[in-house]
Every structure is written in structure tokens, then in C-alpha cells.
Amino acid sequence: MTTATLAPEIVLQALRAVRDPDLHRDIVSLGFVKNLRIENGAVSLDIELTTPACPVKDALREEAAAAIRAIPGVRGVAVNMTSQVRSSVMAPTEGGMKRVRNALAIASGKGGVGKSTVATNLAVALAASGARVGLMDADVYGPSVPMMLGGLSARPQAADVEGWLRPVERHGIRFMSMALLTGRDTPVIWRGPMATKLIQQFLGQVDWGELDYLLIDLPPGTGDVQLTLTQSAPLSGAVIVTTPQDVAVGVTMRGLRMFEQVQVPVLGIVENMSRFVCGHCGQATDVFRHGGGRRAAQELGIQFLGEIPLDAAVAAAGDAGQPVVLSAPGSASARALLEAAGNLAREVSIVNEKTASVRHRPAEAQVRPDGVEIKWTDGHVSRYAHRPLRLACPCAMCVDEWTGQPRLDSATVPADVRGMDLRPVGRYALQFSFSDGHATGLYAYDRLRSLDPTTPA
């Protein structure tokens, strides 16, 4: 092949070998390849990712460049990485959030786990990657975000729409909080309905502008305020913050169940105050034990976004209004928070991609003695025997995620295996627990429908 015969189709075919490791599709079919140009054997193109915080951005650039260099006749390669955060299918179409692409709840089952600190640093970390980010402090009774962002004395200004407000900007993010509307020491003595109304105003009457991510720092617990917000806000997903000890993880699971009930995808768990590392000798001490968040994520089949060490610098940075990801980016805590932010952005992209492609949705699903029954929204009813459903598990233990070839030896699955329980995973899949102890498979709705031989063509 010569430079004269080097055509775009040849380059695109080579790029089909480059796969996004999270979305499990090649970058051409995903629509990532933009502005492909070929001139005298020099190939240039943009790869448009779904988030500027993509953890595998550099690896994809190098893999794409290598694939193009391997084409005979190529004399030079220039790969430019760009990003365009995609909107959730739940993105609002009116009100102050109409230009917000993804609203993300940051929640905890109990207070004292550092949820607001994690939320603030995640927001700043996402903004530092190049994303447009907002932070809503929905913790009406204990607002702390303004202090941690150094904006406690600021006041929101009136927006162009009568009765609306503009959020305050600090450190590259826009934020709104009850603390911006009251005095520093003024207590908020409100009943639930008043607090709920204020949060609804934050959602609908604050001009957030163009945002890729709006993080909503929820009050701790699972009361009326939290439930109302999760039901009224168009959430793309939720993050659960916990500390490592069993009592905190156990309470945190209540928050996870709340999101499941309102069909909000749980994007992952962050374990805060994971362990203390001595700044003098480097010795790690598990002050609150260690690994509870990771174990919970594994048991529930959701992502573990990261573990944040117990670090005095985090508290000092928050008190000074300079989040640790900015004031000490090389510290262990900042590195962990930056990694968690990248993992969060990745999960948002994965959930958006999976949700947007769903064609069939269940209206009702239940485990019965003879199998699993699913009633779909189009009226069709599917019934699955227990063992064939178990053998169809799509998890990485049972199917090679790159080749699609089965890894599960059917002889190892008991003949009398039964489905024991099921739970929805966001808006795109069901997760089954089987009597053989297997519970890691996420059965996408469309895959489940395809497993039913009685499905109309």
C-alpha cells in the first residue's frame, strides 16, 4: 500500500481493534473517532471520549496511534484526545437544571463519615479534569460546603429569570447552599416540608447553566428529605460514602436500598477514613478497621470507587477553604480522591451508555418455585427455568469479556440450582442471587428478553 491508496476506510478498520475497556466496544462503533484527515501519509484525528476524567485516556491514545502506525504507507500519526460528556436519559428538560447533563447524589446512611468532604473534593477533582461541575449542598440542617470551598461570605446573585438565583463560583465549580442564605451561626429550625421545599427550589430555581455533572450532597440518613429529593431530582446515579467499620457499612446499605427502590443506579461506594498512614514512619494503622466498603461493593455487585485515607491534611484544607485535591495534590488522600473522581466519571459513562440502549423494560419481576417470571412493559410475559438462567450468567467469571466465549463449566453448576433473590441495578439490568452462591452477574434487560424463545420477532 502506498500513501496514495491510504483511505479513511482503511484507518477506521484498523481502529476497530481499539476497544474501550469499560464500554466493551470499539472506538469506531462508539462514535469516538472524529475529524479524520489523511494528507501525504500523515494521519490525524480526534478521539472524543465521554468524559475528560477518563482513567484510560492515555492508554487509548497510545493504542490508537500504534494501530495506525502499523498500516503500510503511514508516515506520521497525530491523535488528539477530546471529550463530550453525554447526557443521561434522565436529564431534565426544564427549570434551572435543564442544561445539566448528569445529576449525581452523594449519600450516606449516617452522619460523621465525611460525605461532604468527599463530595466537595470529587467536584473539584472533576472540574480540574476539564469538566463543567456544580455542587448542591442539600444538607439543609448542617451545610458545610461553603466553608470547605472558601465561599462562606459569598452571596448568590439574582438570575435573569425572576425569582431565580445564580450559584456562587469557587475553585472552578458552581455551588449553592443554605449557608449562603443565612448567617454563619444561624440555626435552621425547620420541619421536613420546609426543608423539602428549599431543596426543590435549589433544583428548579437556581440557574446552574451548562454543567456536565451536578453533585448533590444529600443529608445523611434515609428520611423524608432524602426520599423526596431522590424522587423529584432527575438523578443519573448515586454514590454511597461509608467508613470501614461494620456498623457504618450496615447503616449505609439502607441508603443503597433507598436508591434501588426509586430505580436510581448506584454508581459505587467510597470508603472514607480507610486507614491512617503516619507521616513520620509510614506505618499504616486501621483506626476504623479496613476494607468494609470494598467487601460491601463485592457482595452487592457494584463498583468500589476508592478508599480515602484518614489524613489530617484533609480536615485542615477544608477548614482553610482549599480542598486537598488542590492544596496538596501529591498527598495520598488527594491522589485517592482524584482516582475516585476518575472512577466515578467512568461509571457515569458506562451507565449512560447501557441505559440509553435499553429497548425492553420489566414492569414486574419475581422469583418463583419453578423459575423466574418477568412481566414486561409491552405486556409480554417471560418465564425462565432456574438452571438455564444460571448458565446464562454474563459476568466476567462466566464469560470472557473480550471474546464473549463461555468460561463457566456447566458440569460445576448443580442440577437443582435455584434463583434465591433478584434486585434491579439502575435502569438497565437485574442481578440474581443463586443457591450455589453465585451473585455477580448483571443481566441486562435486553439480554434477558433475548433469552426468552417466546419473544415476538
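Visitor: Which residues line the second largest cavity?
Guide: Its lining is made up of Leu 256, Glu 260, Val 264, Pro 265, Val 266, Ile 302, Arg 423, Pro 424, Val 425 and Gly 426, where a cavity is a set of points on a 1 Å grid over the protein atoms alone at which a 1.4 Å probe fits but cannot get out, and lining residues have an atom within 4 Å of a point. This is a predicted model, in which local features need pLDDT of at least 70 and side-chain atom pairs count only at pLDDT 80 or more, while totals for chains, interfaces and linings use all residues. Residues are numbered from 1 along each chain as its sequence is written, and side-chain values use heavy atoms, with hydrogens and water left out.

Visitor: And which element gives the most to that second lining?
Guide: Strand E21 does, with three residues, and helix H7 (246-261) also supplies at least two; helices (H or I, at least four residues) and strands (E, at least two) are DSSP runs, numbered from the N terminus.

Visitor: Where does the largest share of the largest cavity's lining come from?
Guide: Helix H11 (residues 332-356) provides that share, three residues, and the whole lining includes Asp 20, Phe 32, Thr 51, Cys 54 and Arg 346.

Visitor: Switching to Pro 52: buried or exposed?
Guide: Pro 52 lies in the loop between strand E4 (42-49) and helix H2 (57-69), and it counts as buried because its relative accessibility is 11%, buried being under 20% relative accessible area with a 1.4 Å probe, protein chains only.

Visitor: What is Pro 52 in contact with, beyond its neighbours in sequence?
Guide: Leaving aside neighbours within four places, its contacts (heavy atoms within 4.5 Å) are Lys 57, Ser 83, Val 85, Ser 129, Gly 130 and Ala 131, and of these Gly 130, just after H3, takes a positive phi of about 115°.

Methods: Buried < 20%, exposed > 50% of the residue type's maximum accessible area, 1.4 Å probe, protein only. 1 Å grid on protein atoms, 1.4 Å probe; cavity = no way out; pocket = protein on both sides within 12 Å on 5 of 7 lines; lining within 4 Å.
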